[in-house]
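Hi everyone, thanks for coming. I'd like to walk you through one model today, so let's put it on the screen.

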Amino acid sequence: MKSIVCIKRVPDSETRVRIARNGTSLDTSGVKYTLNPYDEYAIEEALQRKEQAGQGSVTVMTVGSEQSAETLRSAIALGADEAVLLQAEPSTDGLAVSHALAEEIRGRSFDLLLFGKQAIDDDNMQVPQMVAELLELPCVTVVVDLNIEGSRATARREVEGGHEVVEFSLPAVISTQKGLNIPRRPNLKGIMAAKKKPLEQKTVDLRASGLELLSLSEPPPRPAAKIVGEGPDAVAELVHLLQDEAKVL
């Protein structure tokens with residue numbers, strides 16, 4: 001079973017986000033970066049498929065700055081065999097990133113092309129579908145269960161209000177959701193091996209973006225809390241405020 005897993009370097013979810021002085025970017029000083037959490041499920045699925053088959057390979061790939069090499073090495077520490085860094089200036093244009101990934105993946109041999117369902121920094125949730133379209137492959141998103149028999153697969157995916165079961169042929173693009181598996185943690189042997197393994201690095205020019213970021217702004221501050229009283233005597237006033245001020249009743 002050969003798998004390619006596309007991953008992304010993102011700010012840690014506990015990072016306090018600050019807008020830079022230019023008003024169109026984020027202040028990255030002091031920001032800690034990590035592997036996108038949803039990508040951990042994609043890596044784990046690829047590793048499990050390889051282990052179950054007893055053969056194959058897991059290649060991790062990303063589009064990003066030179067610092068993204070650290071994220072690739074964290075994936076190697078988990079058990080990935082190869083890593084490819086498509087070095088480029090950071091971009092918020094999912095289509096430009098998708099073109100770069102598709103051009104590198106096209107011509108490679110694989111059974112599964114895996115992504116996390118979305119990156120937690122921009123939450124666009126676009127790249128898996130775009131890459132699948134560019135490569136003309138079946139695409140199943142937000143997958144929480146996956147069964148493969150030969151060249152056919154069945155996936156259960158989350159939809160609003162329930163689950164949907166779909167059948168498709170391989171190779172295919174899968175975006176993973178929490179619940180598909182339990183991601184492993186790197187051991188000392190894997191961490192040491194990741195430091196020595198070479199990374200394949202290529203400089204790529206992303207296509208001109210069709211998006212223009214005009215400005216960033218912080219959400220408005222929450223209004224101060226209001227204490228209406230204690231016990232049963234406060235119920236009438238609370239109902240009044242919910243009806244006439246908050247307009248939620």
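**Around serine 175**

Let me start with one contact: the side chain of serine 175 comes within 3.0 Å of the backbone nitrogen of valine 142. I call that a polar contact, meaning a pair of N or O atoms within 3.5 Å; within protein, one must be able to donate a hydrogen and the other to accept it, and residues adjacent in sequence count only if both atoms are side-chain atoms.

Before I go on, a word on where this comes from: it is a predicted model, where local features need pLDDT of at least 70 and side-chain atom pairs count only at pLDDT 80 or more, while totals for chains, interfaces and linings use all residues. Residues are numbered from 1 along each chain as its sequence is written, and side-chain values use heavy atoms, with hydrogens and water left out.

Back to our serine. Serine 175 sits in strand S10, residues 172-176; helices (H or I, at least four residues) and strands (E, at least two) are DSSP runs, numbered from the N terminus. Is serine 175 buried or exposed? Serine 175 counts as buried because its relative accessibility is 1%. The cut-offs are under 20% relative accessible area for buried, over 50% for exposed, and partly exposed in between, with a 1.4 Å probe and protein chains only. Leaving out residues up to four places away in sequence, serine 175 touches Phe115, Gly116, Lys117, Pro128, Val140, Thr141, Val142 and Val143, where contact means heavy atoms within 4.5 Å.

Its partner deserves a look too. Valine 142 belongs to strand S7 (139-149) and has a positive phi of about 40° although it is not a glycine. Valine 142 is also buried, since its relative accessible area is 8%. As a reminder, most residues other than glycine have a negative phi, and most peptide bonds are trans.

Now to lysine 117, which is in the loop between strand S6 (112-116) and helix H4 (127-135). Which side chain of opposite charge is nearest to lysine 117? That is glutamate 158, 5.7 Å away, and lysine 117 is buried with no salt bridge. Here Lys and Arg count as positive and Asp and Glu as negative, while His and the chain ends are not counted; a salt bridge needs a side-chain nitrogen of Lys or Arg within 4 Å of a carboxyl oxygen of Asp or Glu. Lysine 117 does have a polar contact of 3.3 Å, side chain to side chain, with glutamine 118. Beyond four places in sequence, the residues lysine 117 touches include Tyr38, Val142 and Ser175.

That loop between S6 and H4 also holds aspartate 123, another non-glycine with a positive phi, about 55°. Aspartate 123 counts as partly exposed because its relative accessibility is 42%.

One more backbone feature: leucine 170 and proline 171 are joined by a cis peptide bond, with omega about 0°. Proline 171 is in the loop between strand S9 (162-169) and S10.

Let me finish with helix H2. Eight of the eleven residues of H2 are buried, so the helix is mostly covered. Among the buried ones are Ala69, Leu72 and Ile76. The elements that the buried residues of H2 pack against include strand S4 (57-64), strand S5 (82-87) and helix H1 (37-53). Just after H2, glycine 79 takes a positive phi of about 135°. Thanks, and I'm happy to take questions.
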